[in-house]
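How can one tell that a name such as sheet, core or pocket is deserved? The turns below take such names one by one and set each against its definition.

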Amino acid sequence: MNLLLNPRFEFHSFANHREGRAVSYESHDVAFWNTDAWGDITVMRESHAPEDVRPDFSTGNLVRIEPGKRFWQFVTLAEAGVAPGEAVSLSVRGWQAEAGALRATLKLMKLDSEDGEWSPAEFGMADQRTFPRHSRGELVVAESYEATSDARGRVELRIEHAEIIGHFTPGEESHSADVNTVGLMVELTNTLEAVEGEDRGVWVYAPTLTADGPATPARRPAREMRALYRHIPRTIQKLWKGEPIHVLLMGSSIDRGSANPPLYLYDEDPESPTFKQPLADGEFDGELVGRPDLDGYYGWWRHYFSYTGRLKRELMRKFDLGPDKLLFHWMACDGSCVGEAHSGLAEYCSLSLPPEPNTNGHAAGRTWEQLYPELFSRPGGPGPDLVIFGSGANEKTDTPHEAAVYEGMIRWVQRHYPGCEFLFCQFQNQGGYTPNPGDLQAIGLRYGIPFCDYGLVGDRLTRWVNRRALVPRDGHPQAAAHYLWFKQLERAFETWDPIEAGQPQELLPERLHPNSYGWEGEMVLFERESARIVGNRFILEDTAFNAFASAAEDEEPQPVVDGEQLAGSRRGQPSYDLRNSWFRYGNLRLGDRHILEAKGPGAELKYVDAKVCPNRRVIGVESPRWDLGGADVTEFASEWGAPFGDRQAMLQPGASFTIDVVATDISVAYVDAADAGTLRVLVDGEERLMQPANVAFTDCDGGEHYLENRKGVLDLGYGLHRVTLEATDAPVSVLGVFTYDARSNRDAERRITGMAAPGETVAITPPLAARPLVICTGGLAARYEDTAPDRVTFSGAGPGAYELVGE
């Protein structure tokens, strides 16, 4: 079978959509094949190819290669299903006007590896450390096989039984004798030089790469072309049209190309005496790579060589776009993770921070509007069109509940930017670096988000190469590994005819994980001076947060939540940072009071970014909606910044407080006191909670505190609920109630409308999950007592219209 992807050169022309030209039969890009620049090749349907060029058999499409240009496809050994010691054969049909004009080359591509160690400082770089001499820069050619023909006109170039060489020594050290072959490159080249006024193009068609016998055009493709583009339809359409897009890049140091050694610009000419020596460090300089047009659009060399930095350049080529049309926006940074990035999500999505290398991967000196003018002139503004999630190596947030952190971020973006799409392509070291790829695969199923599985390919590759040649010192991939990673991500943007119908991603579907509700809300920042931060303690808003703390010199603050010391914090993070915090957490019960503490000598909380769940309301006892039975509302002197309100009402035994609310969940706020009684909570007449209100909070230093508290009453079903509070044994101070509409979406919401008169009953079939919210007009009314999940009996002064809302 044919091991090449798309050997029939299928393509999609966007010239008609972008320019209004009636041209769908040719393009300058072929799916799953690469060139150096737009216009280096022209692919054409065989019905439009010159008659003297096309063969007698049906070949699909033909590609014309311009003088001095090349056209290639790279495939890893793992994807081709071949191994060192085996042999492959290549056949390419084509047309040339001169002998030797068309050249077919089969290259074995390997990771760099030489004996000994090296230090960047030897070549004038800032880094003084020493590293093994492997994986410096890009892939190199381990062996090359080529074929040409002396014939003119139609030709066939064949390479028979090309041996795949490869072997390696496991371990940290690098060896010149190692041949870490990762893949094969089929390269088709026009060897002629361009001459003005002359047609010196060559044509190719029907390439075949096989490992099981002679290569012939009749060989069926062994590998499937997966139409991942269907799952990011908005992004693809904008690229076709030539519209600007904003791509937000999430992750850690791995994603922005931080590595050990750093991702330098190397001399990649194997004939050069300085081959594989670093040439540049630090800030990106487009002149050094012949791309001055990219100045300003990359901050450091690491951004240029990263997997997404490569994707930007490839999309420029595939879709004939300038750098000002593709904003690749690095939120990823060293030490960061998605949980921490929740703090800066609003600022990054809105482009609130100016261009700067460390902040967002761009050179300083120009504004966003100057770099991407069309992005700011579009009607919807410059918000993100696509979010790419890469490395999850640093996450470890609430493991094994990391899915909630990712899902919460996706849902936050969807709530603010409903047209934004998502793409997953995570880096993995030998299939076991981090557990969250499984979480993203599950989210991908629920939300329709494509998952480009580099982890699978990379793991299989380590059967044939030293894994340390991909990541020499730690978990950070070198440039060649970023190339392999990029090649998987690139596939999401390959398009070809016939175009299949798109599958738009799900907007706010049913949540995958219950903790996601806490992560998808808005961040509220509390600074050190806030009355809410009490020394080293803070009462959370709901269930998820980022915190920033310090301790005495050489000491590490330890996070304690609700009296339990937790793992996963840094040594300390005293300053506020949008992407790096001291501790993040969100595995807590909705509706309950939760207290964060920083434990240790001299420990202090400096900042807390606390999430507020969507559709939460706080109804203090001072609200006229309460029926307090005549009880007085007085001031409550909180020592914790009044997180639940600053008014209280004393609930006496034998009395009751009542309020009607519309919610799925509620949380009752009260005050613990040594002489308080027990708070009884009834919802719709059913006892749901008996909570002693005389329980002291014991802090991490052993001190006891009587303070405000709250308890959640959950899973009530969306609808109208009557909340009744009673006290037993002794009075209880009540602060109010929090209500939540925690529904994932409104898909199951039912609205029943009509007209009625007092005394009429409307049946609800099938019954709702709870009493409906009843909205009436005219003189019509409906009392709580006359409302049930399966019926409503109306009252009031006269007829009118009604709307029943429930699930």
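Q: What makes two strands count as paired?
A: Two strands pair if DSSP finds at least two bridges between them. In this predicted model, an open sheet of 5 strands meets that rule in the order E20-E21-E26-E23-E24, and the pairing is antiparallel.

Q: Why are strand E20 and strand E24 said to stand at the edges?
A: Strand E20 (533-534) and strand E24 (564-565) each have a single partner strand, so one side of each is left without a neighbour in the sheet.

Q: How do you know that strand E23 and strand E26 pair?
A: Strand E23 (residues 558-561) and strand E26 (residues 595-599) are joined in the antiparallel sense over 4 bridges, and the rule asks for at least two, so the two strands count as a pair. Within this pairing, Val561 stands opposite Leu596 of E26.

Q: What makes E44 and strand E45 a pair?
A: Here 2 bridges join E44 to strand E45 (residues 791-793), the two running antiparallel, and because the rule asks for at least two bridges, the pairing is accepted. Thr787 has Val792 in E45 as its bridge partner. These strands belong to an open sheet of 3 strands, with the order E41-E45-E44 and antiparallel pairing. Strand E41 (761-763) and strand E44 (787-788) have a single partner strand each, so they stand at the edges, with one side of each lacking a neighbour in the sheet.

Q: Why is strand E12 called largely enclosed?
A: A residue counts as buried under 20% relative accessible area, and 9 of the 9 residues of strand E12 (residues 202-210) are buried, so the strand is largely enclosed by the rest of the structure.

Q: Which strands are joined to E12 by bridges?
A: Strand E3 (residues 61-65) is joined to E12 by 3 bridges and runs antiparallel to it, with Val63 as the bridge partner of Val204. Strand E5 (residues 87-96) is likewise antiparallel to E12, through 6 bridges, and in this pairing Trp95 is matched with Trp203.

Q: How do you know that the length of helix H11 agrees with what is expected?
A: At 1.5 Å a residue, the 15 residues of helix H11 (residues 402-416) should span 21 Å, and the end C-alpha atoms are 22 Å apart, which agrees. Of the 15 residues of H11, 13 are buried, so this helix is largely enclosed by the rest of the structure.

Q: What makes helix H5 mostly covered?
A: In H5, 12 of its 12 residues are buried, among them Arg310, Leu311, Glu314 and Met316. The elements that cover these buried residues include helix H3 (233-241), strand E13 (245-250), strand E16 (326-330) and H14. From its first C-alpha to its last, H5 reaches 16 Å, close to the 16 Å expected for its 12 residues at 1.5 Å a residue. Just after H5, Asp320 takes a positive phi of about 55°.

Q: What makes a group of residues a nonpolar core, and which residues touch the most other members in the largest one?
A: The name asks for buried residues of certain nonpolar kinds, joined through side-chain atoms within 4.5 Å. The largest such core has 66 residues, of which Leu139, Leu239, Ile388, Leu484 and Phe493 touch the most other members. Helix H14 (residues 479-490) supplies the largest share of this core, 8 residues. Leaving aside neighbours within four places in sequence, Leu484 is in contact with residues including Phe74, Leu139, Val182 and Tyr454. Another core, of 36 residues, lies apart from the largest one and includes Phe9, Val43, Leu184 and Leu209.

Q: Which residues and elements line the largest pocket?
A: Lining residues have an atom within 4 Å of a point of the pocket, and 39 residues line the largest pocket, with Asp36, Arg70, Trp72, Glu138 and Arg310 nearest its centre. The space in this pocket comes to about 1,400 Å³. H5 gives the most to the lining, with 5 residues, while the elements that supply at least two residues each include strand E4 (70-76), strand E6 (102-111) and H14.

Note on methods
Residues are numbered from 1 along each chain as its sequence is written. This is a predicted model: local features need pLDDT of at least 70, side-chain atom pairs count only at pLDDT 80 or more; totals for chains, interfaces and linings use all residues. Side-chain values use heavy atoms; hydrogens and water are left out. Buried means under 20% relative accessible area, exposed over 50%, partly exposed in between (1.4 Å probe, protein chains only). Contact means heavy atoms within 4.5 Å. The expected span of a helix is 1.5 Å times one less than its number of residues. On a 1 Å grid over the protein atoms alone, a cavity is a set of points where a 1.4 Å probe fits but cannot get out, and a pocket is an open set with protein on both sides within 12 Å along at least five of seven lines; lining residues have an atom within 4 Å of a point. Grid points are joined across faces, edges and corners, and a volume is the space filled by probe spheres set on the points.
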